[in-house]
Amino acid sequence: MSDTPTGEPEENEKPFASDTPLILAAELLPDNLPILAIRPRPLFPGIPVPLEVGAEQAPSVKHAVDFCAKTIGIVLVKDPEGNEHPDNLHQVGVAAKILKVFPGEGDSASILINCLDRFRVKEYKKAKFGTLAHVEYPPAAAPTITEELRAYGMAVLTTLKELVKMNPLQSEAIKMFLSRSTFDDPGRLADFAANLTTASGEELQGVLETFDVRERINKVLVLLKREVEISRLHGEINRQIHEKISGQQKEFFLKEQLKAIKKELGLEKEGKATEIEKFQERLKGLTLNAEAQKTVEDELEKFQLLEPHSPEYTVSRNYLDWLTALPWGKFSEDSYDLGRARKILDRDHYGLEDVKDRILEFIAVGKLKGDISGSILCLIGPPGVGKTSVGKSIADALGRTFYRFSLGGMRDEAEIKGHRRTYIGALPGKFLQAMKTAGTSNPLIMLDEIDKIGASFQGDPASALLEVLDPEQNNSFRDHYLDVPFDLSHVLFVATGNQLDTIPRPLLDRMEVIRLSGYITEEKREIARRYLIPKTLKSHGLKSSQIAIKPDALNHLIEDYAREAGVRNLENLIKKIARKAAMAIVKGGDAPAGKGGKAAGKGAPAAKAPAKIVLEKKDIEEYLGKPAFSADEVFESKPGVVTGLAWTSMGGATLQIEATAVQSKTKGFKQTGQLGAVMVESSDIAYSYVMAHLEEYGADPSYFEERFVHIHVPAGATPKDGPSAGVTMATALVSLVLGKPVRKHLAMTGELTLTGQVLPIGGVKEKVIAARRVRTKTLIFPEANRKDFEELPAYLKKGFSVHFAARFEDVFKVALGKSHGR
């Protein structure tokens, strides 16, 4: 081509203006173009674009400027990751005029081009400067503007306006295009619109390769609609993020402003300063030991240097909080007024005179000594006898703060001595938590269920308690969390348990044991009358004017329904009566039959509640069902049946021991009833002793030779063990051999040897109480237990015929002999 454009930008302005005559592209643009490969999307005609040209593409640009009238071909690569070989180039591109070249570093450059028109590649050739393409330009006949094209154009314009609203970054380009163009060229409108979209390179290349205007504008309209949806979604996401960030920023700025205002007015200091001031204020009223004081000072100095966002900040703050919250050197004043202490104990408990006397002795010693530090009491007794409430009364009598926690089931040593601060969520042990809650250094801490403490792979809490409960060590108790010594020597520890057997011996040696044996019928009746019934009426919304339990009914309730050592079951039964009475009152109809004739008859209309429900003995069964016990059930008078006295963790109990013999070719002996190893040995000793001394008791010496003997101790589902059943089993065997029942209402206890000696036993008081509960008359104890029986209160010994046996012959005389002396 001989005629080529000069390359000035003014010659290319408004190429489609209405006053410019149509000029064919083939008359202005060369047929052979150096090719500049681009990524990742193609360029469209009519759009000026800046491009970065690398050193390998610079020769093509130079060739275009020098030999092709500044015209260069722009072609999209097929694979963006591939090279610029002709096989990786599309067949349709755009011819562009190089408007300006800006030299860069080395051989690279930046160029400003104005895209002119599409071309189709006929052939790619390799040249010294790069790739040369022989191209052809499609005929550029003016399109016929039909109604359909006009509608497509309007649709594109409308969509562009929507896009402007949602994407302000493109609004200037769209306004400039609309101001410089007419709407009579839908092809150029389609190219411009396609260039605005974020479609993929392949989709845009498809638009570029579409020479038919109608088809091209249709493709572009689809891309535009999708672009509008993407912009709308993008705008919604941006709006949500903006609202969230704005809200956070607003809150942050408001907090900062509020903090600044308060600081300016002196109303509030910064968080860390406030914390430090709080810790220092706490320390003013405390008396720390030297090591603790140094630790606090060092930790405060470290805390001042920490940033609030540092992980160590929270750890240090919590540590200082615990150090300064403990009652270092704070003590409550003890009260040693014996009269006041006696009134409090009598107010809260009926009976337990020996326990009260022991507590008063304990307080009296404290008064002479000046303090009661180093004392550890252990209250042992069956459930429901008031161990925990006795501890509360001791605290009240001394004027000390009371704190209780249970050791039952505790398996982790860290519960006692705390966790080390290296662990997340670490806390001090239970004892320092108790001290913080109590607020004084001399509270009364109750260790409930000390006999049920456990052990596991995590440690042995019982061993950890040794330091706490040792008066020689607990004045410098070192918790794992605090790691500074704290004085526990002024604490009064009161432990409770049901039995001593499961308490480790080293731990038991550190405690002074006080036994609570249980209550007899008279004591239970007074406890029910003074405490349980008023408490139950109050908790159930009843008044004494609405319900009453007569003394004979209360006795029947205690003796035939609640024979346990404590009063917990008795309280539950009274609550059951109160619930039934409350229902009768609320319904306004019949309560269970009886009630002393006060309830309305069954035939009367149930419109009005009874004036007062009065329970007599005959009414108890209507409320509670059949009695759980029978007065004579353990005194069945048959040969081979004897009642024994036993001690369990639930208190004293009675056991009915039965013996029988079956004809057999060979002799034999067995025991049943879930007997422990000690009871099995006792039965073997009793069998051997009786078999060796049959003639002395007037029996056939060959009795056992052809008989199989069986001893059973009901109830079979309850495990039993202990050494005190020997004389009872021997008496049952002698009674069986002689075919003679023992005297009525007799109960006995004692350990038997092979030579016939009766050895002493424990739990005399509990066993006497058990005998009184079942209304027995005659008791047999070992001679060595005479002093234990004589030390019992007179009201417990009253009404019993008691015999003391040194040998089994003494037992035989009382149980099966003809004469019975006191």
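## Salt bridge between Asp 396 and Arg 347

Asp 396 is partly exposed, at a relative accessible area of 31%. In this predicted model, the side chain of Asp 396 meets that of Arg 347 in a salt bridge, with 2.9 Å from N to O. Because Asp 396 belongs to helix α12 (residues 387-398) and Arg 347 to helix α10 (residues 338-348), the pair ties together parts that are 49 residues apart in sequence. Arg 347 is partly exposed as well, and its relative accessible area is 47%.

## Other salt bridges

The count of salt bridges comes to 42. One of them joins Asp 509 to Arg 505, where the closest N and O atoms are 3.5 Å apart. Both Asp 509 and Arg 505 are exposed.

A further salt bridge is formed by Asp 619 and Lys 618, with 3.4 Å between the closest N and O atoms. The two partners fall into opposite classes of accessibility. Asp 619 has a relative accessible area of 1% and therefore counts as buried, the limit being under 20%. Lys 618 has a relative accessible area of 55%, so it counts as exposed, for which the limit is over 50%. Elsewhere, Arg 342, Asp 346, Glu 353, Lys 356 and Asp 357 are joined into one network by salt bridges that share partners.

## Surroundings of Thr 496

Thr 496 is placed in strand β12 (residues 492-497). The relative accessibility of Thr 496 is 1%, so this residue counts as buried.

Leaving aside residues up to four places away in sequence, Thr 496 touches Leu 379, Lys 387, Met 446, Leu 447, Asp 448, Glu 449, Ile 450 and Asp 451. One of these contacts, Lys 387, lies within the residue range of helix α12 (residues 387-398), the helix that also holds Asp 396.

## Nonpolar surface patch

Leu 233, Ile 237, Ile 241 and Ile 245 make a nonpolar surface patch of about 350 Å². Leu 233 is in helix α6 (residues 213-265). The relative accessible area of Leu 233 is 54%, so Leu 233 is classed as exposed. The cut-off for including a residue in such a patch is over 30% relative accessible area, and Leu 233 therefore passes it.

## Aromatic pairs

The count of aromatic pairs comes to 17. Among them is the pair of Phe 669 and Tyr 687, which is stacked, with 4.3 Å centre to centre and 10° between the planes. The angle is under 30 degrees, and therefore the pair counts as stacked. Phe 669 is in strand β18 (residues 668-672) and Tyr 687 is in helix α21 (residues 677-692), so this pair ties together parts that are 18 residues apart in sequence. Phe 669 and Tyr 687 are both buried.

One aromatic cluster is formed by Tyr 403, Phe 405, Phe 431 and Phe 493. Phe 493 falls within the residue range of strand β12 (residues 492-497), the strand in which Thr 496 is placed.

## Charges over rings

Two cases of a charged residue over an aromatic face can be described. Lys 436 lies over the face of Trp 322, at 4.2 Å from the ring centre. Arg 707 lies over the face of Tyr 703, and here the value is 4.1 Å from the ring centre.

How values were computed. Residues are numbered from 1 along each chain as its sequence is written. This is a predicted model: local features need pLDDT of at least 70, side-chain atom pairs count only at pLDDT 80 or more; totals for chains, interfaces and linings use all residues. Side-chain values use heavy atoms; hydrogens and water are left out. A salt bridge is a side-chain nitrogen of Lys or Arg within 4 Å of a carboxyl oxygen of Asp or Glu. Helices (H or I, at least four residues) and strands (E, at least two) are DSSP runs, numbered from the N terminus. Buried means under 20% relative accessible area, exposed over 50%, partly exposed in between (1.4 Å probe, protein chains only). Contact means heavy atoms within 4.5 Å. Patches are made of residues with over 30% relative accessible area and no salt bridge: like charges are joined within 9 Å, nonpolar side chains (Val, Leu, Ile, Met, Phe, Trp, Tyr) within 5 Å. Accessible areas come from the Shrake-Rupley method with a 1.4 Å probe; for residues, only the protein chains shown count as cover. Rings of Phe, Tyr and Trp (its six-membered ring) pair if their centres lie within 6.5 Å; planes under 30 degrees apart count as stacked, over 60 as edge-to-face and the rest as tilted. A charge sits over a ring if NZ of Lys or CZ of Arg is within 6 Å of the ring centre and within 35 degrees of the ring normal.
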